Amino acid sequence: MHTITRGRLDRWLGGLAQEKTPIAPVADGSLTLYREVAHADQIDWSTRPLLSAKGALFAQTERLLTIDRTGQQVTLHAAPPPGGQVIVGVRPCDVRGIG
């Protein structure tokens with residue numbers, strides 16, 4: 001069995017955050033939900049998240065375009081493509097349901 005120290009996990013997440021968006025279980029009041037994280041100490045390893053990780057992968061809303069209006073002129077801009085995500089702390093049953 002291999003283990004990783006909290007410090008190494010934090011360095012890994014920091015490097016990962018430069019290219020992808022790390023998402024992990026985070027305590028939010030009395031609930032634990034999948035949220036974007038910046039540091040390993042934000043991750044709640046002790047409590048099972050209330051909702052599946054599927055919600056973090058497949059957003060309920062998505063920006064399709066932006067509209068700029070200057071006087072009478074309206075300009076439409078396509079939204080940039082969403083960045084990559086990496087989900088940490090996913091339960092095996094969630095992985096099976098997503099995959």
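**A buried aspartate and its surroundings**

Asp 44 is buried, at a relative accessible area of 13%; buried means under 20%, exposed over 50% and partly exposed in between, with a 1.4 Å probe and protein chains only. The model is a predicted one, in which local features need pLDDT of at least 70 and side-chain atom pairs count only at pLDDT 80 or more, while totals for chains, interfaces and linings use all residues. Residues are numbered from 1 along each chain as its sequence is written, and side-chain values use heavy atoms, with hydrogens and water left out.

Asp 44 sits in the loop between strand 2 and helix 2. Helices (H or I, at least four residues) and strands (E, at least two) are DSSP runs, numbered from the N terminus. Which side chains make polar contacts with the side chain of Asp 44? One is the side chain of Thr 32, at 2.8 Å, and another is that of Thr 47, at 3.4 Å. A polar contact is a pair of N or O atoms within 3.5 Å; within protein, one must be able to donate a hydrogen and the other to accept it, and residues adjacent in sequence count only if both atoms are side-chain atoms. Contact in the general sense means heavy atoms within 4.5 Å. With neighbours within four places in sequence left aside, Asp 44 is in contact with Pro 25, Val 26, Ala 27 and Thr 32.

Thr 32, at the other end of the 2.8 Å polar contact, belongs to strand 2, residues 31-36. Thr 32 is buried too, with a relative accessible area of 5%. Its contacts, again without neighbours within four places, include Pro 25, Val 26 and Ala 27, as well as Thr 47, Arg 48, Pro 49 and Leu 50.

Strand 2 has a partner. Strand 1 and strand 2 pair in the antiparallel sense over six bridges; two strands pair if DSSP finds at least two bridges between them. Ile 23, for example, has Glu 36 in strand 2 as its bridge partner. The two strands form a hairpin with two residues between them, and Gly 29 there takes a positive phi near 70°. Val 26 touches several residues of this region, among them Leu 31, Thr 32, Leu 33, Arg 35 and Val 37. Pro 22 is in strand 1 and counts as buried at 2% relative accessibility. Beyond four places in sequence, Pro 22 touches Leu 13, Leu 16, Ala 17, Arg 35, Glu 36, Val 37 and Val 86. Its C-alpha atom is 7.3 Å from that of Ala 38, although these residues are 16 residues apart along the chain.

Next comes helix 1. Its twelve residues, 6-17, should span 16 Å at 1.5 Å a residue, and its end C-alpha atoms are 16 Å apart, which agrees. The expected span is 1.5 Å times one less than the number of residues. Which residues are buried in helix 1? Leu 9, Leu 13 and Leu 16 are buried. They cover an arc of only 60° around the axis, so they lie on the same side of helix 1; the arc is that of the directions from the helix axis to the C-beta atoms. The buried residues of helix 1 pack against strand 1 (21-28) and strand 5 (85-87).

These leucines are part of the largest nonpolar core, whose nine residues are Leu 9, Leu 13, Leu 16, Ala 24, Val 26, Val 37, Ala 40, Ile 43 and Val 88. A nonpolar core is a set of buried Ala, Val, Leu, Ile, Met, Phe, Trp, Tyr and Cys residues joined through side-chain atoms within 4.5 Å. The largest share of this core, three residues, comes from helix 1. In soluble globular proteins, nonpolar side chains tend to be buried together.

Ala 40 is a core residue located in the loop between strand 2 and helix 2 (54-57). Ala 40 counts as buried at 1% relative accessibility. Outside its neighbours within four places, Ala 40 is in contact with Arg 6, Leu 9, Asp 10 and Leu 13. The C-alpha atoms of Ala 40 and Arg 8 are separated by 9.1 Å, with their positions 32 residues apart along the chain.

Strand 3 (residues 65-70) is hardly covered: among its six residues, the count of buried residues is zero. Strand 3 pairs with strand 4 (residues 73-78) in the antiparallel sense over six bridges. Arg 69 has Val 74 in strand 4 as its bridge partner. Strand 3 and strand 4 form a hairpin with two residues between them, and Gly 71 in the turn has a positive phi of about 65°.
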